[in-house]
Amino acid sequence: MENGSGNVLKPMDSEQLREYGHRMVDFIADYYKTIETFPVLSQVQPGYLHNLLPDSAPDQPETVEQVLDGNGGGVIQGSASEAILVVMIGAREKVLRRVGKNALGKLVVYSSDQTHSALQKACQIAGIHPENCRVLKADSSTNYALRPELLQEAVSKDIEAGLIPFFLCGNVGTTSSTAVDPLAALGNIAKRNEIWFHVDAAYAGSACICPEYRQYIDGVETADSFNMNAHKWFLTNFDCSLLWVKDQYVLTEALSTNPEFLKNKASQANLVVDYKDWQIPLGRRFRSLKLWMVLRLYGAETLKSYIRNHIKLAKDLEQLVSQDPNFEVVTPRIFSLVCFRILPVDNDEKECNDRNRNLLDAVNSSGKLFLSHTALSGKIVLRCAIGAPLTEERHVKETWKVIQEEASRLLGK
C-alpha cells in the first residue's frame, strides 16, 4: 500500500522483526540485571507521565530507538463485552439512585437485532429481566440499521406501561454486515427520555481515523459512552478495547471499592485516577504500552493508509462478486467486509440456504482461505472480511477464484 506522498508502506518483514525482537529482549534483560538499583516504592509524582506525552499521535512513523526513549499510559478495557457491561452497570446504578433500588425489574434495554450478543450477556449479568430487553428488528430497507421511529415507538409504549427505559446500544459496524445506526437521531431520543446511550464501534471505529469515514460517527457527541477495539483493525494485539465515557463519576460511583489495604496518600488526595473503579477486576495489564507503540511506530498517516488499503481490496472483491451472474452482494459494502451469496434457483430460498452452507464448508475445507457466515432476513450469507496486515490484491483474486471453483462444482457447471 502507499501513503499520501506515494511512498510504499510495507509491514515489518521477518528480519526486521528478528532485529527489533532482540533489542526488546536486551531491553528487558538489562532491566532485570539492574533491578536491585531501582527503589522498591516509586519515587515519581502522580501525574508526571501526562506531561511527558505528546498531544497527539505522530503523523509519520518513528524509529524503535525513538519509541524506546519515550513513555506511555492510558485506560483500556479487555474487550467490548467488558466495556458494555461496565457502562450498563453504571447506567443501572445511576437510574436506581433516582427511582429506588426496588425498580430493577422495571428497567428496559433497547437495541437492534443486529447488536452483538455481548449486550445480552451484559443484561444477564446486570440483572435486567429478559422480558425487558427490546430487540428491535432491522431489515434491508435501512441496510440493517436501527430505525429511530421504531425505537421511539418502543420507548413510548414502555413508558405508558410504567416501565423505565434506561439503556440504548447503537452500532457503528455491526458484526453481521457492518451496518451503521443513525447515531444523532438515536441519541436525541435517548436524551429526551434520560436513557444512557452506548455506541459499540468495536470493529469499524478504527476506520474513523480517516476523515472520509468520520461521517459514520456523526452524532457521537450525543453518546454517553463509546467503545472501539484496537485489537480488531488497528494493528494491536489482543486484548485492547478502548472505552470513553462522558461522565466518569457514573462508573466510579457504581464500581468503587476502598478497602484499607488499598488506601494510599495519592488516591486519598485524588491525585491519581484509580482505574480499578472503571472496570470489573482490581488488577489490570499494561495494555496501553502496545497501543502506544503502534501509534508511535506506524504514525497516523500509515494507519490511515492501512485502513484505506483494506477497504479498497474489499471494494475490489465486491466488484468481482457483482460481475458474476451466479452471485449477489446482499448488503452494500461500507468498510472492509463483503456480504454475498449464491443466488437462488427458481426462487427456492431453502435450497439456496443449503447451497450457501455447502459452499462455506467447501471453501473453508480447501485450507486456502476462511469465510464466516451470518443470517440476514432469513438468508444465509457468506462474509469475507479483509483485515490481515499481509493481505494483497493477489490474495483477493485468488480468494474469488477458489470461491468460483467451489461454486461451479456445487452448481454442476
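These legends walk through a few close-up views of one predicted protein model. Residues are numbered from 1 along each chain as its sequence is written. In this prediction, local features need pLDDT of at least 70 and side-chain atom pairs count only at pLDDT 80 or more, while totals for chains, interfaces and linings use all residues; side-chain values use heavy atoms, with hydrogens and water left out.

**View 1. The whole protein comes with 13 helices and 10 strands.** Helices (H or I, at least four residues) and strands (E, at least two) are DSSP runs, numbered from the N terminus. Of the 413 residues, 44% are buried, and buried means under 20% relative accessible area, with exposed over 50% and partly exposed in between (1.4 Å probe, protein chains only).

**View 2. An open sheet of 6 strands runs in the order E2-E1-E3-E4-E5-E6, with mixed pairing.** Strand E2 (133-136) and E6 sit at the edges with a single partner strand each, so one side of each has no neighbour in the sheet. From one strand to the next, the twist averages 15°. Two strands count as paired if DSSP finds at least two bridges between them. Strands of a sheet pair through backbone hydrogen bonds, either parallel or antiparallel. Take E5 (residues 225-229) and E6: they pair in the antiparallel sense over 5 bridges, and Asn-227 stands opposite Leu-243 in E6.

**View 3. Helices H6 and H7 lie across strands of the sheet.** H6 (residues 148-160) crosses E1 (107-112), E2 and E3 (164-171), running at about 165° to E1. H7 (residues 183-192) lies across E3 and E4, at about 155° to E4. For these angles, axes are lines fitted to C-alpha atoms, for helices over the stretch in contact (heavy atoms within 4.5 Å), and angles run from 0 to 180 degrees between N-to-C directions.

**View 4. Helix H9 (residues 248-255) has four buried residues to look for: Val-250, Leu-251, Thr-252 and Leu-255.** What covers them includes helix H4 (80-99), strand E4 (196-200) and strand E6 (241-245). At the start of H9, a side-chain oxygen of Asp-247 comes to within 3.1 Å of the backbone nitrogen of Tyr-249.

**View 5. Cys-133 and Cys-123 don't make a bond.** The whole structure has 0 disulfides (a disulfide is a pair of cysteine sulfur atoms within 2.5 Å). The closest cysteine sulfur to that of Cys-133 belongs to Cys-123, and at 3.7 Å it is too far for a bond. Cys-133 is partly exposed, with a relative accessible area of 26%, whereas Cys-352 is buried, at 1%.

Terms used:
Polar contact = N/O pair within 3.5 Å; in protein donor to acceptor, adjacent residues only side chain to side chain.
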